[in-house]
Amino acid sequence: MPRSIIQIAGHIIDSLILPKVLDLIIKLGAEFEILDIQIGHRRADRSYARIQVDAATQELLERVLAKIKEHGALPVEAEAESVELQPAATDGIFPDHFYATTNLPTWVRVKEQWIEVEGAEMDCGIRVDPETTRAECVPIHRSKQGDLVVVGHRGVKILPMERRVPREAFEFMSSSVSTEQPKGLLIREIAEAMKKTREENGRILVVAGPGLVHTGASRHLVDLIERDYVQILFAGNGLAVHDIETALYGTSLGVYLDKTMRASEGHEHHLWAINAVRKAGSIRQAVEQGLIRRGIFYSCVKKGVDFVLAGSIRDDGPLPDVITDTLKAQDLMRDKVRDVRFALMMATTLHAIATGNLLPATVKTVCVDINPAVVTKLTDRGTFQAMGLVTDVEPFLRELSQYLNPAENATEQA
Amino acid sequence: MRLLMCSPDYYGIEYEINPWMNRGRPADARLAREQWNRLHRFLREELAAEVETIAPAPGLPDMVFTANAGLAWNGKFIVSNFRPEVRRGEAAHYEAWFSDHGFDIVRLPEECYFEGEGDLLKCGDTWFAGYHTRSDILSHQKVAEIIEQEILSLELTNDWFYHLDTCFCPLSFGQAMFYPPAFDSYARKVLENHIPDLIPVSAQEAARFACNAVVVGSKIAMNDGCLKLRKKLESAGFTLLETPLGEFIKAGGSAKCLVLNIG
């Protein structure tokens, strides 16, 4: 939300100028918070107030600032400084001492106005186009010669998250990781947040590792996909391979999911699955040809859920859909997370951290893993908004799916 | 009381910077001179004020309105930063006069518009200042720091009453006349909170510049034609001395605009 800090000084109490300015902010449709107020002790002493003004749009903020300026309320001086911009000398290299971004909502001061930096992402630079007064986060490898990049910290402001997340929503959001948390409550909270996201037409991203298939949790994820709780799926080769292995042979890494026993020569199943999909051309083609008739990726294709499979050095195959150029995969993931509002990461370290790096802090993020170190790693790398849940993914997804299933809820209530 | 006036040698309606001014309705120079002389005499003889004069300057027709020169207070003279460009030439003349008369000259930052006593009047212990039309509220803060006094800023909302001294007139401690529609609701509340005896002036009398009066003790000099107010003021113990100032009202000024209190 566009924001400015203003100050007002003088005999602002007795002259009713302070209440007038505050009334004006509200009347014009913005909000305020008094950050600091000092009242003069004697009549001649002046009083002082520092006020934060929040408006829904930059235009409204400018209108409010212009109006209250007439009554002596001015942006604090430090805020009025513009950013320093330097051109990138060559493609893929930023100027020295470029401003390295956080994943928080960020504004830069250009041509005497605050503009929001598009595509908030950590560890990038900020490219500014003064002509169009647009600013965007750009990773180093995407910068082009001549790009004007923000250098230093002057004229940059970031919004702390706690002011943006309403208290009542996602009350449990915290990065604390414990195996001793009351999981039922947390899972219900996650389900409510997902419902709300969908009610507001927000997109939900699921990032998942193959453990999800091994533990037999696939059917719950399928359930979420069928109920429109997944709009995009990020994974590696493994999840897709074992999901398709299950679809074709009923095993995951050679183990029957419904019999808790190994299949004879079962270790070959996943390689045969890879081979079959390679023969079909792609996962989509394998579904369309009737080769794959169930599972996560079957539902993704049928429901039109977008997926990005990013490769890694240990992959078998890989499947033809796997992007093996990591920068290409990263760029595609970067583009796909743009309008994601909720991210659910399950049973994956590599892809959770990779995705966490791309997400703005405004995206509600839940990380579920049996290993507490995964959530710790994710938050240590800057995705501080992530809420961690240490549990096996199957019971988690089963319970989440129940909360999101109106029929089962109705039965429960009955 | 010492007052400063400027004779109307070069006075005339040469531009339009407020709704009263109309170049198609010029001032009668001879009549203006007579009206000014009569006020000058009144102030000295009837109100027993000591009246100084500053030499008028050609090309500065509004210099006759000395109230807008600045603020003289405790040996300091805070010189005005006029909002209308056509009046900015007056400042150097006032500055020179006050400097010659032993005042310390104080200038405000260029971006702060301030039009002297036109927008700054003292009632009791409190200064009231008008803003929005001519003076800026930021100039009030600066002046308050310089004179180390409390200044309460009042928003003026009617272009016809563009200076505070056209719609507000302190009479004595805790007593003043004012024209309520010239102020916004917050300003009216501030006046009510700080001045226990507020005498409202009717629209007709406000348009006769009833509030633009010179008050010395219990005597008040103002433009003629304010019958109702006369009764109110006389019953409050004041003596009202009316003197016609119609030629100056054509430029949006009357008795108070023609004088500056210099202590």
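Trainee: Two residues are in contact if their C-beta atoms, placed from the backbone, lie within 7 Å, right? Then what share of the chain B contacts with a separation of 6 or more comes from residues 24 or more positions apart?

Mentor: In chain B, that share is 66%. Keep in mind that this is a predicted model, where local features need pLDDT of at least 70 and side-chain atom pairs count only at pLDDT 80 or more, while totals for chains, interfaces and linings use all residues. Residues are numbered from 1 along each chain as its sequence is written, and chains are lettered from A and ligands numbered from 1 in the order in which they are written.

Trainee: And how does chain A come out for contacts between residues at least 6 apart?

Mentor: For chain A, 65% of those contacts join residues at least 24 apart.

Trainee: How many helices and strands does each chain have?

Mentor: Chain A has 14 helices and 20 strands, and chain B has seven helices and 15 strands. Both are DSSP runs numbered from the N terminus: H or I over at least four residues for a helix, E over at least two for a strand.

Trainee: What percentage of each chain is buried?

Mentor: In chain A, 43% of the 414 residues count as buried; in chain B, 49% of the 263 residues do. A buried residue has 20 or more other C-beta atoms within 10 Å of its own, an exposed one has 12 or fewer, and partly exposed is in between, with C-beta atoms placed from the backbone.

Trainee: Where is the largest nonpolar core, then?

Mentor: It has 106 residues, and those with the most contacts inside it are Ala210(B), Cys211(B), Ala213(B) and Leu258(B). A second, separate core of 76 residues includes Met194(A), Leu221(A), Val222(A) and Val287(A). A core here is a set of buried Ala, Val, Leu, Ile, Met, Phe, Trp, Tyr and Cys residues joined through C-beta atoms within 7 Å.

Trainee: What does Leu258(B) touch?

Mentor: Setting aside residues up to four places away in sequence, Leu258(B) touches Met5(B), Trp36(B), Leu39(B), Val64(B), Phe65(B), Thr66(B), Phe248(B) and Gly253(B).

Trainee: Switching to chain A: which residues of α5 are buried?

Mentor: Helix α5(A) covers residues 218–226, with Ser218(A), His220(A), Leu221(A), Val222(A), Leu224(A) and Ile225(A) buried. These pack against β12 (203–208), α4 (211–214), α6, α9 and α13 (393–403) of chain A. After α5(A) comes Asp228(A), with a positive phi near 65°.

Trainee: How do α6(A) and α9(A) cross?

Mentor: The axes of α6(A) (237–249) and α9(A) (296–303) come within 7 Å and cross at roughly 95°, so the two helices are roughly perpendicular to each other. Axes are lines fitted to C-alpha atoms, for helices over the stretch in contact, and angles run from 0 to 180 degrees between N-to-C directions. Under 35 degrees is roughly parallel, over 145 roughly antiparallel, 65 to 115 roughly perpendicular, and the rest oblique.

Trainee: Which residues make that contact?

Mentor: Ala240(A), Asp243(A), Ile244(A) and Ala247(A) from α6(A), with Ile296(A), Phe297(A) and Tyr298(A) from α9(A). By class, that is six nonpolar, no polar and one charged. Nonpolar means Ala, Val, Leu, Ile, Met, Phe, Trp, Tyr, Cys and Pro, charged means Asp, Glu, Lys and Arg, and the others, Gly among them, are polar.

Trainee: What about α6(A) and α7(A)?

Mentor: The axes of α6(A) and α7(A) (269–280) come within 8 Å and cross at roughly 95°, which makes α6(A) roughly perpendicular to α7(A). By class, the α6(A) contact with α7(A) has eight nonpolar, three polar and one charged residues.

Trainee: Back to chain B: what is the strand order in the open sheet of three strands?

Mentor: The order is β6-β7-β8 (chain B), with mixed pairing; two strands pair if DSSP finds at least two bridges between them. The edges are β6(B) (120–123) and β8(B) (151–155). Strands β7(B) (126–131) and β8(B) pair in the parallel sense over five bridges, and Gly130(B) stands opposite Leu154(B) in β8(B). Helix α3(B) (137–147) lies across β6, β7 and β8 of chain B, running at about 170° to β8(B).

Trainee: Last one: how many residues does each chain give to the contact between A and B?

Mentor: Chain A gives 14 residues and chain B gives 15. On the side of chain A that touches chain B, the elements giving two or more residues are β1 (3–10) and α1 (17–27) of chain A. That side has four nonpolar, five polar and five charged residues.
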